[in-house]
Amino acid sequence: MLSEKKVQFIQFMLSANVLRFGNFVTKSGRNTQYFVNTGNYRTGAQLARLGSYYAQLVHHTIGQEFEVMFGPAYKGIPLAAACASALWQEYQIDKPYFFNRKEAKDHGEGGSIVGYQPQSGDRIIYIEDVITAGTAVRETMPILKAFGNVTVPHMFISVDRCEIGQTPGKTAIMEVEEEFGVKVHSIVNVVDIHDFLKESGDPAHAALAQAMEGYMDQYCVLS
């Protein structure tokens with residue numbers, strides 16, 4: 001049985017057209033029956049509510065045992081900003097955040113980082129939407145490590161797709177954890193979404209859940 005918090009988050013993603021069902025191709029080239037696009041959050045109310053979900057996960061997982069939040073360009077930028085705002089409003093935790101540019105700026109202040117500049121000893125938490133193959137993480141981790149003696153102990157995402165990465169039998173998240181020493185935490189995962197569809201009582205949802213099962217059998221590693 002899903003927790004009420006998880007049910008509410010899945011319903012929230014559906015209402016914002018962020019969680020969609022149909023035929024999609026992921027960045028890794030896999031054909032999938034569901035897709036998560038956080039770029040569809042587009043109102044102040046949605047962003048505030050999303051930030052609250054992230055802040056709750058961060059607060060309950062690590063409290064304020066970190067120095068700064070990082071949101072990778074582009075979709076991670078509003079996620080980190082929303083999380084930072086909600087942490088202050090709901091828990092009085094005031095932490096800086098920063099993000100990267102896709103291309104370094106060669107005028108004005110220059111550089112490829114906007115916002116807080118990480119310092120030696122900082123514990124950076126990584127705020128992202130989903131991890132499918134881990135490609136985006138591998139692209140941005142060198143940016144963070146370039147700051148020197150910093151650590152990235154935790155990553156927070158909306159949905160864990162539980163998908164096989166580059167190594168048979170291991171999810172992309174398992175690989176990220178092993179490769180970079182980052183512990184990944186998600187608000188919901190693919191099993192939660194599948195169970196939500198099955199438990200909703202809607203025949204259309206039941207059919208979607210059944211369609212997902214073949215994909216999960218082929219591409220997911222479930223504990």
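Reader: How much space lies in the largest cavity? And what makes a space a cavity and not a pocket?

Author: The largest cavity holds about 30 Å³ of space. The model is predicted, and the whole-structure search finds 1 cavity of 30 Å³ or more. The word turns on escape: in a cavity a 1.4 Å probe fits but cannot get out, whereas a pocket is open.

Reader: How do you know which residues line the largest cavity?

Author: A lining residue has an atom within 4 Å of a grid point of the space. For the largest cavity, those residues are Lys-5, Tyr-53, Gln-56, Leu-57 and Ile-187. Helix α2, residues 44–62, gives the most, with 3 residues.

Reader: What makes up that lining by residue class?

Author: It divides into 3 nonpolar, 1 polar and 1 charged. Tyr, Leu and Ile count as nonpolar and Lys as charged, so Gln falls among the polar ones.

Reader: How much space lies in the largest pocket, and which residues lie nearest its centre?

Author: The largest pocket has about 590 Å³. Its lining has 28 residues, and Lys-27, Glu-128, Asp-129, Val-130 and Ala-136 lie nearest the centre. Two or more lining residues come from each of β2, β4, β7 (130–131) and α4 (135–145). α4 gives the most, with 6. By class, the lining is 11 nonpolar, 9 polar and 8 charged.

Reader: What is the volume of the second largest pocket, and which element gives the most to its lining?

Author: Its volume is about 290 Å³. β9 gives the most, with 4 residues. β8, α5 (172–180) and β9 each supply at least two. The lining has 15 residues, with Asp-160, Cys-162, Asn-189, Val-221 and Ser-223 nearest the centre. They split into 8 nonpolar, 5 polar and 2 charged.

Reader: Asn-189 again. Where does its side-chain oxygen reach?

Author: To the start of α6, within 3.0 Å of the backbone nitrogen of Val-191. The cut-off for a polar contact is 3.5 Å between N or O atoms.

Reader: Which residues of α6 are buried, and what covers them?

Author: In α6 (residues 190–199), the buried ones are Val-190, Asp-192, Ile-193, His-194, Phe-196 and Leu-197. Buried means under 20% relative accessible area. The cover includes α1 (4–15), β1 (19–25), β2 (31–36), β8 (151–160), β9 (183–189) and α7 (203–219). After α6 comes Gly-201, with a positive phi near 85°.

Reader: Why is Ser-158 called buried or exposed, whichever it is?

Author: The limit for buried is under 20%. Ser-158 has 0% relative accessibility, so it is buried. Its place is in strand β8.

Reader: What does Ser-158 touch beyond its sequence neighbours?

Author: Past four places in sequence, its contacts are Phe-9, Thr-38, Leu-50, Tyr-54, Glu-128, Asp-129, Ser-186, Ile-187 and Val-188. With Tyr-54 there is a polar contact, side chain to side chain, at 2.7 Å. That label needs a pair within 3.5 Å. Pro-118 is another matter: it is 40 residues from Ser-158 in sequence and 24 Å away, C-alpha to C-alpha.

Reader: Why is Thr-38 classed as buried or exposed? Where does it lie?

Author: Thr-38 has 7% relative accessibility, so it counts as buried. It lies in the loop between β2 and α2. Outside four places in sequence, Thr-38 touches Val-18, Lys-75, Asp-129 and Ser-158.

Reader: What makes Asn-17 and Gln-92 worth a look in their backbone?

Author: Neither is a glycine, yet phi is positive: about 60° at Asn-17, about 55° at Gln-92. Asn-17 is in the loop between α1 and β1. Gln-92 is in the loop between α3 and β4.

Reader: Why do Asn-17 and Gln-92 get their accessibility labels?

Author: Exposed means over 50%, buried under 20%, and partly exposed is in between. Asn-17 has 41%, so it is partly exposed. Gln-92 has 51%, so it is exposed.

Reader: Which peptide bond is cis?

Author: The one from Ala-73 to Tyr-74, with omega near 5°. Tyr-74 is in the loop between β3 (68–71) and α3 (76–91).

Reader: How do you know how confident the predictor is?

Author: By pLDDT, on a scale from 0 to 100. The mean is 90, and 96% of residues reach 70 or more. By element, α2 has the highest mean, 98, and β4 (residues 97–105) the lowest, 79.

Conventions: Residues numbered from 1 in each chain as written. Predicted model: local features only at pLDDT ≥ 70, side-chain atom pairs only at ≥ 80, totals over all residues. Heavy atoms only, no water. 1 Å grid on protein atoms, 1.4 Å probe; cavity = no way out; pocket = protein on both sides within 12 Å on 5 of 7 lines; lining within 4 Å. Points joined across faces, edges and corners; volume = space filled by probe spheres on them. Buried < 20%, exposed > 50% of the residue type's maximum accessible area, 1.4 Å probe, protein only. Contact = heavy atoms within 4.5 Å. Polar contact = N/O pair within 3.5 Å; in protein donor to acceptor, adjacent residues only side chain to side chain.
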